[in-house]
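The exercises below are meant for a reader who is meeting this structure for the first time. Please try each task with the sequence and the model in view before turning to its solution.

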Amino acid sequence: MTVAGAAVRLSIFPLAGALLFPRALLPLHIFEPRYRALVKDALARDRRIAMIQPREPEREGHPPALYDIGCVGRIAHVEALDDGRFNIVLEGQSRFRVAGELDRPTLFRQIEASFDDFDDDAESEPLELMIRAALEQESKRFATARGYVVDWDAVARLDDESLVNGIAQIAPFDVAAKQALLESPTIAERADLLIQFMQFFRMRDEDDDGRTTFQ
């Protein structure tokens, strides 16, 4: 997809809490004018949009600083609405590291990115049975504590990568925790981190008498 060592221009969609992983899907509703322009530009070029989390809330006139690592995706499905909005689905391709931000006159931000630190084309190693069992067990505890209704039979049929990345995408963790999950080098390390986060936030909820403290 890229030449080793070469910086690649990417158009970015900074969105807190929205994680995209290689081979995972991320549905998005696009309504802001700058991101409508981003989608139109992507459709006219290579259909790629780079998802990345901001480090801080956006302030008027002050674009937020970005985390160093994001994931680029290809628009796999698009629905153009009559009023100019879009519903799209991104399919994750590879994580990237920000090399620098470009000064461009577009409504949306653009960066130079490097893919050299990641080998996301490779198949993920399967989880050890003990780790898979611990992840499913802690997911059930976390869901019960939060009052979530889950089809556990469907969960059990997911492959390891889909299970781990799916939980990472939907879990209501803070931005820093989400970023740590994205940056985990392997599925096994991401699964272990997920277990730790679910245990931590579940116990913190219990200590706070069930009050939501991290959404």
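**Exercise 1. Determine how well strand β1 is covered, and find the strands that pair with β1.**

Solution. Begin with the strand itself, keeping in mind that this is a predicted model: β1 spans residues 8-14, and six of its seven residues are buried, so that the strand is mostly covered. Next, look for the partners. Strand β6 (residues 110-114) is joined to β1 by four bridges, and these two strands run antiparallel; within this pairing, V8 has A113 as its bridge partner. Strand β3 (residues 48-52) also pairs with β1, but here the sense is parallel and there are three bridges, with I12 standing opposite A50.

**Exercise 2. Check whether the length of helix α6 agrees with the span expected from its number of residues, and list what is buried in α6.**

Solution. Helix α6 covers residues 187-207, which makes 21 residues. The expected span is 1.5 Å times one less than the number of residues, and for α6 this gives 30 Å. The C-alpha atoms at the two ends of α6 are 30 Å apart, and therefore the expectation and the model agree.

The second step is to go along the helix and pick out the buried residues, which are I187, R190, A191, L193, L194, I195, F197, M198, F201, R202 and D205. To read the spacing in this list, recall that an α-helix has 3.6 residues a turn, so residues three or four places apart point the same way. Finally, ask what covers the buried residues of α6: the covering elements include β5 (86-102), α2 (129-146), α4 (160-170) and α5 (175-183).

**Exercise 3. Identify the residues that touch the most other members of the largest nonpolar core, and say which helix gives the most to this core.**

Solution. The largest nonpolar core holds 26 residues, and those touching the most other members are L135, V164, F173, L181, L194 and F197. Helices α2, α4, α5 and α6 each supply at least two residues of this core, and α6 gives the most, with eight residues. As a worked case, take V164: leaving aside residues up to four places away in sequence, V164 touches L127, L135, I187, R190, A191 and L194. There is also a second, separate core of 18 residues, among them L28, I30, Y35 and C71.

**Exercise 4. Describe the aromatic pairs formed by F142 with F173 and by F200 with F201.**

Solution. The whole structure contains eight aromatic pairs. F142 and F173 make an edge-to-face pair, with 6.1 Å from centre to centre and 65° between the planes. Because F142 lies in helix α2 while F173 lies in the loop between α4 and α5, this pair ties together parts that are 31 residues apart in sequence. Both F142 and F173 are buried.

F200 and F201 are likewise an edge-to-face pair, at 5.2 Å centre to centre and with 70° between the planes. Their exposure has to be judged against the cut-off for buried, which is under 20% relative accessible area: F201, at 3%, counts as buried, whereas F200, with 43%, is partly exposed. As a last step, follow the ring pairs from one residue to the next, and they link F142, Y148, F173, F197, F200 and F201 into a cluster.

Terms used
Residues numbered from 1 in each chain as written. Predicted model: local features only at pLDDT ≥ 70, side-chain atom pairs only at ≥ 80, totals over all residues. Heavy atoms only, no water. Buried < 20%, exposed > 50% of the residue type's maximum accessible area, 1.4 Å probe, protein only. Contact = heavy atoms within 4.5 Å. Core = buried A, V, L, I, M, F, W, Y, C linked by side-chain atoms within 4.5 Å. Pairing = 2+ DSSP bridges. Phe/Tyr/Trp six-rings, centres within 6.5 Å; stacked < 30°, edge-to-face > 60°.
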